[in-house]
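Subject: Structure handover

Hello,

Here is the structure you will be working with. Please open it before reading on, and keep it in view while you go through my notes.

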Amino acid sequence: MKKKSRRIKFALYKALIKIRTIIYHFIQLDLKIEVEDFEKIHAEIESNSIFKGTNLWILVFAVVIASVGLNINSTAVIIGAMLISPLMGPINGIGYSLAVYDMQLFKRAIKNFSFAVLTSLIASTVYFIISPVSTAHSEILARTSPTIYDVLIAFFGGLAGIVAISSKSKGNVIPGVAIATALMPPLCTAGYGLASGQLIYFFGSFYLFTINTVFIALSSVIISKALKFPIRDLIDPIRKKRVNHYIYSIIIITLLPSIYFGYVLVLKERFSENATKYIKNISLLEGGYLLRNEIEPGKKIIRLIYGGNSLTNKNKAEILQKTKEFKLEHAHIIIKQGFSTNESSNNEIGILKTKFNDLLISLNKSEQKKDSILNRSRIGLQILTEIKPFYPQIKSCSYSETVKFTDDKTKTEKVALIIFTIPKNSLGSNEKTNITRWTKKRLKNPDVKILFEVATKKKRS
């Protein structure tokens with residue numbers, strides 16, 4: 001077993017070295033042309049790795065803002081906290097210092113980073129202890145189950161960040177990297193886990209924060225080595241080899257659980273998809289119908305609650321048999337009977353049928369009313385379509401129904417009105433009379449009022 005474990009580790013080391021070599025090759029193609037002066041890069045990374053004064057207060061403010069955003073489930077507020085958070089600085093400092101073997105900078109970056117993490121945890125924990133809202137909203141839950149996808153986001157986000165720092169044209173990459181890698185929210189979620197005593201939230205979110213930290217630092221190492229930043233300290237080959245060994249070990253230890261969680265996520269998604277198709281297929285059977293269903297992908301449980309006729313053993317066997325068609329043989333299907341017409345008294349069934357029929361009649365009436373209104377609104381279009389071939393002068397036709405009031409306020413009269421729009425002097429009185437007769441006959445309404453209005457030219461603005 002030990003030999004096999006060593007062989008796996010050795011294979012992973014070789015794979016990582018090959019990947020690193022390929023990345024170095026591609027990075028060197030274009031980036032060296034725009035690389036900033038090495039001393040300026042070093043000074044910038046060194047200054048951003050320090051946490052005191054302004055940086056410290058900005059960190060505390062960012063923690064509070066992110067905690068409030070998680071508390072009220074506001075994505076916009078969380079993004080704002082990520083933008084102002086200075087946590088990226090010491091992480092880049094850790095990666096850069098390892099690449100150039102500047103052990104003094106590495107120690108300072110580690111010290112400042114640890115202090116920043118501890119400060120953030122304390123601030124977020126205190127906030128969630130005193131906050132009156134303790135519900136775990138979606139923004140909190142989203143940061144408790146890291147996967148391999150979070151590794152990819154952190155790695156490529158970190159690459160973008162260190163490339164921007166190393167380039168003469170900085171652009172607006174750094175704010176985007178801060179949002180993509182999302183260092184602050186998982187750290188504040190860890191504080192929520194401590195404050196609420198839910199350690200599963202703490203470990204899940206802190207692991208996500210660790211993934212982001214390790215792979216942003218790794219991207220800094222790769223870019224720094226690829227661009228051949230000058231070595232800052234003399235280091236013997238044995239110590240250099242040991243440092244590289246530690247780097248690869250940390251990467252593998254961090255990476256493996258995320259691969260497993262990513263695999264579990266894919267299985268859950270596949271189970272949910274298959275379960276949804278399965279539920280659609282068994283929603284109706286022999287007088288029974290599915291009232292409600294619940295899917296638990298993590299436990300592979302599907303709960304089915306049926307109404308209508310009571311399910312027989314044959315029905316239940318048929319429901320279970322169909323799991324094979326949707327690759328759900330290993331799922332735990334729980335079938336329950338909700339309201340059953342078989343077990344209800346004739347009186348209860350009669351009352352329900354009466355209520356159901358009343359509901360159907362009401363729905364039909366509202367549908368007919370809706371259709372009638374829609375059809376009336378299109379009468380003008382129908383009249384225009386039919387009369388246009390005979391009288392192309394007519395430009396438009398509108399139809400409406402209104403109420404006519406007289407001096408006797410107790411009496412009202414419904415009036416249908418048709419308005420034809422025509423150019424000036426385009427129709428004679430005989431033609432208008434013919435159109436009026438045809439329209440009344442077409443609508444089977446001798447009382448319809450027909451008006452002709454002259455089309456006016458629209459003024460150009």
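Start with helix α16, residues 429-443. This helix lies across three strands, β5, β6 and β7. Against β7 it runs at about 140 degrees.

Please keep in mind that this is a predicted model. The average pLDDT of the protein is 78. A score of at least 70 is reached by 77% of the residues. Confidence is highest in β7, at 91. It is lowest in helix α14, residues 346-377, where the mean is 60.

The sheet

The strands under α16 belong to an open sheet of three strands. Their order is β5-β6-β7, and the pairing is mixed. The edges are β5 (396-405) and β7 (449-454), and each of these pairs on one side only. On average, neighbouring strands in this sheet are turned by 30 degrees against each other, ignoring direction.

What makes the pairing mixed? Look at each pair in turn. β5 and β6 run antiparallel, joined by 10 bridges. For an example, find S398, which stands opposite I419 in β6. β6 (residues 412-422) and β7 run parallel, and six bridges join them. Here you can find two partners in β7: I450 for I418, and V454 for I422. As general background, strands of a sheet pair through backbone hydrogen bonds, either parallel or antiparallel.

A second helix also lies on these strands. Helix α15, residues 379-387, lies across β5 and β6. Its direction is at about 135 degrees to β5.

The helix pairs

Now move to the helices that pack on each other. Two packed helices are described by the angle between their axes and the distance between the axes. I have three pairs for you.

The first pair is α8 (residues 148-166) with α12 (residues 237-281). Their axes are 7 Å apart, at an angle of about 125 degrees. The two helices are therefore oblique to each other. From α8, the contact uses I148, Y149 and V151. From α12, it uses L255, S258, I259, G262, L265 and V266. Seven of the contact residues are nonpolar, two are polar and none is charged.

Next, take α6 (residues 103-130) and α10 (residues 184-196). How do they cross? Their axes come within 7 Å, at roughly 50 degrees. That angle makes α6 and α10 oblique to each other. The crossing is right-handed. On the α6 side, the contact is made by V117, S120, L121, S124, T125, F128 and I129. On the α10 side, the residues are L187, C188, A190, G191, Y192, L194 and A195. This contact has 10 nonpolar and four polar residues, with no charged ones.

The last pair is α5 (residues 88-100) with α11 (residues 199-226). They pack at about 45 degrees, and their axes are 7 Å apart. So α5 is oblique to α11. This crossing is right-handed. α5 brings M88, I91, N92, G95, Y96, L98 and A99 to the contact. α11 brings T213, I216, A217, S220, V221, S224 and K225. The classes here are eight nonpolar, five polar and one charged.

Where to begin

I would begin with the sheet. Trace the order β5-β6-β7, then find α16 lying across the strands. After that, go through the helix pairs one by one. Write back with anything you cannot find.

Best wishes

Conventions: Residues are numbered from 1 along each chain as its sequence is written. This is a predicted model: local features need pLDDT of at least 70, side-chain atom pairs count only at pLDDT 80 or more; totals for chains, interfaces and linings use all residues. Side-chain values use heavy atoms; hydrogens and water are left out. Two strands pair if DSSP finds at least two bridges between them. Helices (H or I, at least four residues) and strands (E, at least two) are DSSP runs, numbered from the N terminus. Axes are lines fitted to C-alpha atoms, for helices over the stretch in contact, and angles run from 0 to 180 degrees between N-to-C directions. Contact means heavy atoms within 4.5 Å. Angles under 35 degrees count as roughly parallel, over 145 as roughly antiparallel, 65 to 115 as roughly perpendicular and the rest as oblique. Ala, Val, Leu, Ile, Met, Phe, Trp, Tyr, Cys and Pro count as nonpolar, Asp, Glu, Lys and Arg as charged, and the others, Gly among them, as polar. pLDDT is the predictor's confidence in each residue, from 0 to 100. A crossing is left-handed if the near helix is turned anticlockwise from the far one by less than a right angle, and right-handed if clockwise.
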